[in-house]
Amino acid sequence: MELFKEMPLKTQTYMEILFQNCPDEVRYYMRSMEVAEGATLIEAGEKCSNIYIILSGKVTGIEWPMKGKPYYFKDYGPGDFFGEIEYFAYLINYRISVVTVTPCRVLLIPSAVYMEWLKNDAEALYSRTKINMRRLISQTADARKYLFIEGRERLMMHLIRKYEQTQHRKKVLESARAEISYQKKSDFRSRP
């Protein structure tokens, strides 16, 4: 398919095989869209009404834990799907926010139409199930490993990730230092 030509060859081949039996109805409803850098593609809590597939560019997943501070946990790129796991699990809303790190091209398919296709295409369903299971197992293993990392290493991982995410690297280090300094002062003040 012409849509997948910008993807790395292995991803492009996978997508072409996945979509080879895609019905005309799904093709009718799917659309490609350009999304600017820094745009919110998905906001956690929104109704899970579409499946998003990254065709080109890079996005990052964001959790919004306590105190309203975002936690940028993973970068994604061409061939990554969003909204699929929520819909499989009968979750009404998206669980994470997704923000573009670079300008992106994204394929959008209404969730109900996408799932109707997978219900009727055993090969596509099996293919997506394998990918999703691998992804969930990896995420669970990574979360367990992270729990056992000491604070210093976690901080180093956070700073490296922030540094890699931005073109203004000097400012990242300055702002991180200011945040850490502020956090230490506020922690000190709140102690009895």
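A colleague and a modeller talk through a predicted model, contact by contact.

Colleague: Before we start, what pLDDT do local features need here?
Modeller: This is a predicted model, so side-chain atom pairs count only at pLDDT 80 or more, totals for chains, interfaces and linings use all residues, and local features need pLDDT of at least 70. Residues are numbered from 1 along each chain as its sequence is written, and side-chain values use heavy atoms, with hydrogens and water left out.

Colleague: Okay, the sheet. Which strands are at its edges?
Modeller: Strands here are DSSP runs of E with at least two residues, helices are runs of H or I with at least four, and both are numbered from the N terminus. Two strands pair if DSSP finds at least two bridges between them. Four of them make an open, antiparallel sheet in the order β2-β7-β4-β5. The ones that pair on one side only are β2 (40-42) and β5 (71-76).

Colleague: By how much are neighbouring strands turned against each other on average?
Modeller: Axes are lines fitted to C-alpha atoms (for helices over the stretch in contact), and angles between N-to-C directions run from 0 to 180 degrees. For this sheet the direction is ignored, and the average turn between neighbours is 35°.

Colleague: Zooming in on β4 and β5, which residue is the bridge partner of T60?
Modeller: Strand β4 covers residues 59-63 and pairs with β5 in the antiparallel sense, over five bridges. On the β5 side, the partner of T60 is D75.

Colleague: Now charges. How many salt bridges does the count come to?
Modeller: The rule wants a side-chain nitrogen of Lys or Arg within 4 Å of a carboxyl oxygen of Asp or Glu. K5 and E2 meet that way at 3.0 Å, N to O. The count comes to three.

Colleague: Take E6 and R105. How many residues apart in sequence are the parts they tie together?
Modeller: Their side chains form a salt bridge at 3.1 Å, N to O. E6 lies in the segment before α1 (9-18) and R105 in strand β8 (residues 104-110), so the separation in sequence is 99 residues.

Colleague: And is R105 buried or exposed?
Modeller: Buried means under 20% relative accessible area, exposed means over 50%, and partly exposed is in between, with a 1.4 Å probe and protein chains only. E6 is partly exposed because its relative accessibility is 45%. R105 has 10%, so the label is buried.

Colleague: Which residue does R128 form a salt bridge with?
Modeller: The closest N and O atoms of that pair are 2.7 Å apart, and the partner is E84. The link joins helix α5 (residues 122-147), home of R128, to helix α3 (residues 84-88), 44 residues apart. Both side chains' residues are buried, and the name you want is E84.

Colleague: R128 seems busy. Which ring does its charged end sit over?
Modeller: The test asks for NZ of Lys or CZ of Arg within 6 Å of the ring centre and within 35 degrees of the ring normal. K74 passes it over Y76, at 5.8 Å from the centre. For R128 the distance is 3.5 Å, and the ring is that of F81.

Colleague: Is the F4 and F19 pair stacked, tilted or edge-to-face?
Modeller: Rings of Phe, Tyr and Trp (its six-membered ring) pair if their centres lie within 6.5 Å; planes under 30 degrees apart are stacked, over 60 edge-to-face, and the rest tilted. The structure holds seven such pairs. F4 and F19 have 5.3 Å centre to centre and 45° between the planes, which makes them tilted.

Colleague: Where does F19 lie?
Modeller: F4 is buried at 0% relative accessible area, and F19 is buried at 1%. Ring pairs link both of them with F81, Y114 and W117 into a cluster. F4 belongs to the segment before α1, and F19, 15 residues away, to the loop between α1 and α2 (24-29).

Colleague: Why is the Y28 and Y29 pair edge-to-face?
Modeller: Y28 is exposed at 65% relative accessibility, while Y29 is partly exposed at 40%. Their ring centres are 5.1 Å apart and their planes sit at 85°, so the pair is edge-to-face.

Colleague: Last one: how far apart in space are P23 and E116?
Modeller: P23 lies in the loop between α1 and α2 and is partly exposed at 32%. P23 and E116 are 93 residues apart in sequence, and their C-alpha to C-alpha distance is 10.0 Å.
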